[in-house]
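Reader: Please pick one part of this structure and go through it slowly. I would like to see how each piece is connected to the next, and then how other parts can be read in a similar way.

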Amino acid sequence: MSLISTTNIIPMPRFGDDHLAHVYAMLPLEVVDAQGVYLNTNDGRRILDMYGGHAVAALGYGHPRWVEALTKQAKALAFQTNVVHVDIRRRAATRLAQFCGLDLDTVFFVNSGAEANENALKLALKSTKAGKVVAVEGSFHGRTAAAGAVTWGAQKKWYGFPRTPFEVEFIPRGDIAAIEGAVKDDTAAVIVEPIQGVGGAIDMPKEFLQALRHRCSEIGSLLIFDEVQCGVGRTGFPFAANMYGVTPDIITTAKALGAGFPVSAVLLANHVAMELKMDDLGTTFGGGPMACAIVEAVLDIIEDENLLDNVQKRSAQIRETCLVGPVTGTQGAGLLLGLKTSRPAKEVHAELLKRGILTGTSGDPNVIRILAPFVIQREHVEMLRDALKDIGA
Ligand SMILES: Cc1ncc(COP(=O)(O)O)c(C=O)c1O
């Protein structure tokens, strides 16, 4: 494999130079376009994208049916408000409910992961009239007031709001014994990522999710699965809920749902949907025709191209063959995989990038995150394996 020079590190622009808010630690990479699973940079590099823009590019780049769906809808009807009937909106909601297959039959479309969680939490607090939410240590749910309140560590790092909008209690990951003491009559909801994404691709034990389900049903709290990152096929199942065989009351999802077009959704069980009253929820852009056309196309493509199967196969291949070089173990599921590293993940990430492969880091300083497009092939995993071998332990 050819080594690619990264002497051309892109310096951070000075404040004001590019008129952007400088709030991101930038990678030494300027992407100009992309095809399939490859990114092309302004300095002529071709990078294998195993990170997919934080798990978004589920179909890679320029998938002809994705492009066609967007183009066709843009010509037909680019936007209309939620207060007029639009066929593609009904079709997208029906398609998503069918794809999920868990009797979460009512869909509310919004625009981002945080917004989906914000709405899910609001619904839970409103319908149970309880005032507390239980979350899990290591979680990431977004940066808005409610989503940030249930994000582990946010208040110390970046939360910014003077107080959280409700009481929050965190329990340790997988700690079944902690559930009973935390989830009580005062608890409106438990929110959990079945596989923690930002935390490091950490899959929750099945028994933990089952125990949460049991306790929520017993108490009358709502169980919310945040599948913003792990949903819509990323585990090789429609949702992680399908993989675990545990059905929550609400699923929130985003990222792969639009595969590059911003769209998110809140999927509701019938008993939650029945509580909805006029004006309880609302959005201008959510459920726009473009987003809905893309949802329908993405789900069709995932099914028509057997991508759930491909996700499972490539995941198994990574687990079986990529325990080489600095990788000492794997965690997660499907193409939300964490490679545990013997050296700081940042170093391994930089070495992989030098060798033309973009991966992700995570909240765990010794975990590299693989969030590859569902369309990666055997040869791409072999490239990852060879690069890891080349880096050495
Ligand atoms: C599990 C999870 N929930 C919520 C969010 C927030 O999504 P967004 O950045 O679209 O608001 C993220 C983003 O990474 C996520 O991984």
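Author: A residue counts as buried when its relative accessible area is under 20%, as exposed when that value is over 50%, and as partly exposed in between. With a relative accessible area of 47%, His 54 is therefore partly exposed. Keep in mind that this is a predicted model.

The part to look at closely is a sheet. It is open and has 4 strands, in the order β1-β2-β3-β15, and the pairing is mixed. Which strands stand at the edges? They are β1 (31-35) and β15 (357-358); each has a single partner strand, so one side of each has no neighbour in the sheet.

Start at the β1 edge. Strands β1 and β2 (residues 38-41) are antiparallel and are joined by 4 bridges. For one place to look, find Gln 35, which stands opposite Tyr 38 of β2.

Move on from β2 to β3 (residues 46-49). This pair is antiparallel too, with 3 bridges. Leu 39 has Ile 47 in β3 as its bridge partner. At the other edge, β3 meets β15 in a parallel pairing with 2 bridges. There the bridge partner of Leu 48 is Ile 357 of β15. The antiparallel pairs and the parallel one are what the word "mixed" refers to. One general point helps when looking at any strand: in a regular one, the side chains alternate between the two faces of the sheet.

Now look at the turn between the second and third strands. The hairpin of β2 and β3 has 4 residues between the strands, and within it Gly 44 has a positive phi near 85°. Arg 45 is also in the loop between β2 and β3. Is Arg 45 buried or exposed? Its relative accessible area is 5%, so Arg 45 is buried. Two polar contacts can be listed for its side chain. A polar atom of the Arg 45 side chain lies 3.0 Å from the backbone oxygen of Pro 28. The side chains of Arg 45 and Asp 43 are joined by a polar contact of 3.2 Å.

His 54, with which this answer began, is in helix α1 (residues 52-55). Its phi is positive, near 60°, although the residue is not a glycine. Ala 259 is also a residue other than glycine with a positive phi, here about 50°. Ala 259 lies in the loop between β11 (250-253) and β12 (264-268). At 7% relative accessible area, Ala 259 is buried, whereas His 54 is partly exposed.

Helix α3 (residues 87-100) can be read with the help of the buried and exposed classes. Asp 87 is in this helix, and its 39% relative accessibility makes it partly exposed. Ala 92 is in helix α3 as well, but at 0% it counts as buried. Both have a partner far along the chain. Asp 87 and Pro 289 are 202 residues apart in sequence, yet their C-alpha atoms are 8.7 Å apart. For Ala 92 and Ala 297, the separation is 205 residues along the chain and 8.8 Å between C-alpha atoms.

Next come the cysteines. In general, a disulfide is a covalent bond between the sulfur atoms of two cysteines. How many disulfides does a search of the whole structure find? It finds 0. The sulfur of Cys 100 is 12 Å from the closest cysteine sulfur, that of Cys 230, which is too far for a bond. Cys 216 is also in no disulfide, as the nearest cysteine sulfur, again in Cys 230, is 17 Å away. Cys 100 is buried at 1% relative accessible area, and Cys 216 is buried at 1% as well.

Last, the ligand. The residues around it include Ser 112, Phe 140, Glu 193 and Lys 255. By class, this shell has 3 nonpolar, 6 polar and 3 charged residues. Its largest share, 3 residues, comes from helix α4 (residues 113-128). A ligand nitrogen is 2.7 Å from an N or O atom in the side chain of Asp 226, and a ligand oxygen is 2.8 Å from a polar backbone atom of Gly 113. On its own the ligand has 390 Å² of accessible area, of which the protein covers 79%.

Note on methods
Residues are numbered from 1 along each chain as its sequence is written. This is a predicted model: local features need pLDDT of at least 70, side-chain atom pairs count only at pLDDT 80 or more; totals for chains, interfaces and linings use all residues. Side-chain values use heavy atoms; hydrogens and water are left out. A residue is near a molecule or strand if one of its heavy atoms lies within 4 Å of it. A polar contact is a pair of N or O atoms within 3.5 Å; within protein, one must be able to donate a hydrogen and the other to accept it, and residues adjacent in sequence count only if both atoms are side-chain atoms. Accessible areas come from the Shrake-Rupley method with a 1.4 Å probe; for residues, only the protein chains shown count as cover. Ala, Val, Leu, Ile, Met, Phe, Trp, Tyr, Cys and Pro count as nonpolar, Asp, Glu, Lys and Arg as charged, and the others, Gly among them, as polar. A disulfide is a pair of cysteine sulfur atoms within 2.5 Å. Buried means under 20% relative accessible area, exposed over 50%, partly exposed in between (1.4 Å probe, protein chains only). Two strands pair if DSSP finds at least two bridges between them.
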